[in-house]
Each structure stands twice: as structure tokens, then as C-alpha cells.
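Biologist: Could you take me through one part of this model up close? I'd like to hear about the sheet, and then about any empty space you can find elsewhere.

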Amino acid sequence: MAVLAAGCEPLFCDVDVTDGLVKESEWMRARSLGAEVAVVVHLYGNPAPMTRVRSIFPAPDCLIVDDAAQALGSMSPDGPAGALGDVGLLSFGPTKHITLGNAALLFRNRELSEEVISLLRSVESQPEGARSALAAAFRSRLDLARAQLRSEGDSAARVFAGLLEGMEGVLQVPVAAGVEEHLLAALEDYPNAIAARRAKARRWLHCLARSGFEAVGMGAGCVPWRYVCRLPGIQWQQQHHLTEAMRAGGMHVSNWYLPAHWFTGLGPGTLPGVERLSREVFQFWLDQATSLGSITAQAQVVQRAASRARTGGSKCDP
């Protein structure tokens, strides 16, 4: 939505379902088609190889946006996520690693930073009520589209086209006062938070061993946003019924991410890796309210739901 609001044309890349990261061949394809800006997303906290992206999108002809909204503290052999592009993005919004509100932009070039700051100051923030109304209307339309997707399968991709039209106002958020002081304090304690998140991810990995769920990345250098795994081979309706069974067992679980290219009118089969990951993925919480003991109990809920699905004891029938 931000790319469209900026008047730019998005060129979508496919991902590797094992870690959610864009394949090198896809970056090369995008560049060959004329892409000048690479938005590199360290999805779920999995660090992307920035040096290879830079070689495909060389400076000064190209711009790299290093999106570490889900990867605060993640490290690749190239360095820290968020600090390796021309522009870096960090998020402190709801559900992120540090939840204080707002975000941070990092710049390699001072002139570019001053230009962006000037532009940001000229943007009029939308009132909270207006943003909430837009979000509620979008959520209603999205729920209907997702229900149709579960019913019809990928052929329902067409119903997502245009859902983002007129939604730019939700991006115009006022800067929260007094965030800086609280953020500095949170960053001082962040190494402890990193260790805790990694320990919780390892607990999920151990508890779901032999369950059929496969981790999506979660390897060395990752500071996981959530523990992310997938159940290979399932379809949209099966994913939905499994998710609802887990929620009925008292769990937090999410799989909201839908193929972004569908929202611009591109049809199913365009990016098979993206579409497969979207319908197979499950995200489990790693926040401060989640203890190692609760993960053990939640993993049992996950295994029971999957077992009932395999034996025909639920609406999910893989």
C-alpha cells in the first residue's frame, strides 16, 4: 500500500517457502525487468543476504530499503538487519519485538534523510477515528474475501483486487510523544529479550518435532518475531479449521499474510512460493506473556488439532 501511495509500480518477487526470503534468481529477474528499488524484508526475523542484493541493485543507480520491521537484532554474515541498505526500517508498533508505538528510519545519506524528514513534516496525520473507520471497513471486506478463498480456493484470488484502494489514510499516523526515552531503556534490556525469544523458538521447535510442522527459517542469526512454521500440503480451508481449533484451545495463532500480488489484480500461480507459504503458514507467539511452560502446553494443543485433522475428527480433512 505504501508503494502504491508513493506513485510507484510494484514488481513482486517469489520466495523460498523454507525461510520466506526472496530468492536470488527473483532479485535478478526483477532487476532485469527494470526495478530500481529493492525492498528487502527480513520476514519473521530471518536475515536476508544483503550483499548479494546490493550486487544486483548497485549504488548509486539503485536504492535498497532494508525492512527489519520483524527483525530487530537479527544478524546475517553481512551485518545487522535494518542497517545494510540505503534506508532502514525498524518498527515498534503493536506485536513487534519492542511495542512502544511508531517506528524508526535509518539513512546512509544525510541529504536523503533531510528530504524525507521535510516530506514527513508536510504530511497531515489522519485522526484516529478516521484511521479506525478505514481499518474496520477494510477488515470487513477482507473477511468476506478470505471466506470466499476458503470456499473456492485460489480461483478466488480475483476478489482481493482493489481492496487497498482508498486506504492510504491508515498510513498517516501521528508521532507519539515521549517514545524516545522509553525506547532507549527498552534497547538497553533488549539483549535479554533476544535470548528469551530464541529460547522460546527452540522450545517450539523441540515440541513440534515429528508433528509434521516444519520451521520457516528460525535459524542462526534470527531474532524471531514469532515462531513460524508450516504444514506442507494443506489448503486454505484446512489451514482455517486448524487455526480455529487451536484458538478454541486457548492459543494465539495467526496466518493473516495473503499473497500481496493478488491485491493488485495478479492472478493465482504468478508467485507459487508466496501462495504456498501463505496457505501453509502458522505463527505462534513469543512475547513476554508467553512462558516456556505455556509453549509446551500450546504445542500439545497444536498436535491434537493436527492429529484430529489427519484422522477426520474435524472439518479439516487433508
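What follows is a walk along the sheet, with a look at the cavity and a pocket afterwards.

Modeller: Sure. Keep in mind that this is a predicted model. The sheet is an open one, with four strands in the order 1-2-5-6 and mixed pairing. Strand 1 and strand 6 (103-107) sit at the edges with a single partner strand each, so one side of each has no neighbour in the sheet. On average, neighbouring strands here are turned by 15 degrees against each other, if you ignore direction.

Let's start at one edge, with strand 1 (residues 37-41). In a regular strand, side chains alternate between the two faces of the sheet. Here Ala38 and Val40 point to one face and are buried, whereas Val37, Val39 and Val41 point to the other face and are not buried. From strand 1 the chain passes through helix 3 (residues 50-56) into strand 2, a β-α-β crossover that is right-handed.

Strand 2 (residues 63-67) pairs with strand 1 in the parallel sense, over five bridges. If you want a residue to click on, try Val39, which stands opposite Val65 in strand 2. Val65 also has a bridge partner in strand 5, namely Val87. Strand 5 (residues 87-91) runs parallel to strand 2, and three bridges join the two.

Now for the empty space. Searching the whole structure turns up one cavity of 30 Å³ or more. About 80 Å³ of space lies in this largest cavity. Its lining is made up of Arg146, Leu149, Arg150, Trp236, Gln239, His240, Asn255 and Leu258. Helix 5 (128-152) and helix 8 (236-248) are the elements that give two or more residues to that lining. By type, the lining residues of the largest cavity split into three nonpolar, three polar and two charged.

There's also an open site you may want to inspect, the second largest pocket, with a volume of about 290 Å³. It is lined by 14 residues, and the closest to its centre are His97, Ile98, Ala193, Arg197 and Gln288. Helix 7 (residues 190-207) supplies the largest share of this lining, five residues. Sorted by type, the lining of the second largest pocket has six nonpolar, three polar and five charged residues.

Definitions and conventions. Residues are numbered from 1 along each chain as its sequence is written. This is a predicted model: local features need pLDDT of at least 70, side-chain atom pairs count only at pLDDT 80 or more; totals for chains, interfaces and linings use all residues. Side-chain values use heavy atoms; hydrogens and water are left out. On a 1 Å grid over the protein atoms alone, a cavity is a set of points where a 1.4 Å probe fits but cannot get out, and a pocket is an open set with protein on both sides within 12 Å along at least five of seven lines; lining residues have an atom within 4 Å of a point. Grid points are joined across faces, edges and corners, and a volume is the space filled by probe spheres set on the points. Ala, Val, Leu, Ile, Met, Phe, Trp, Tyr, Cys and Pro count as nonpolar, Asp, Glu, Lys and Arg as charged, and the others, Gly among them, as polar. Buried means under 20% relative accessible area, exposed over 50%, partly exposed in between (1.4 Å probe, protein chains only). Two strands pair if DSSP finds at least two bridges between them. A crossover is right-handed if, with the strands pointing away from the viewer, the path from the first strand over the helix to the second runs clockwise. Axes are lines fitted to C-alpha atoms, for helices over the stretch in contact, and angles run from 0 to 180 degrees between N-to-C directions.
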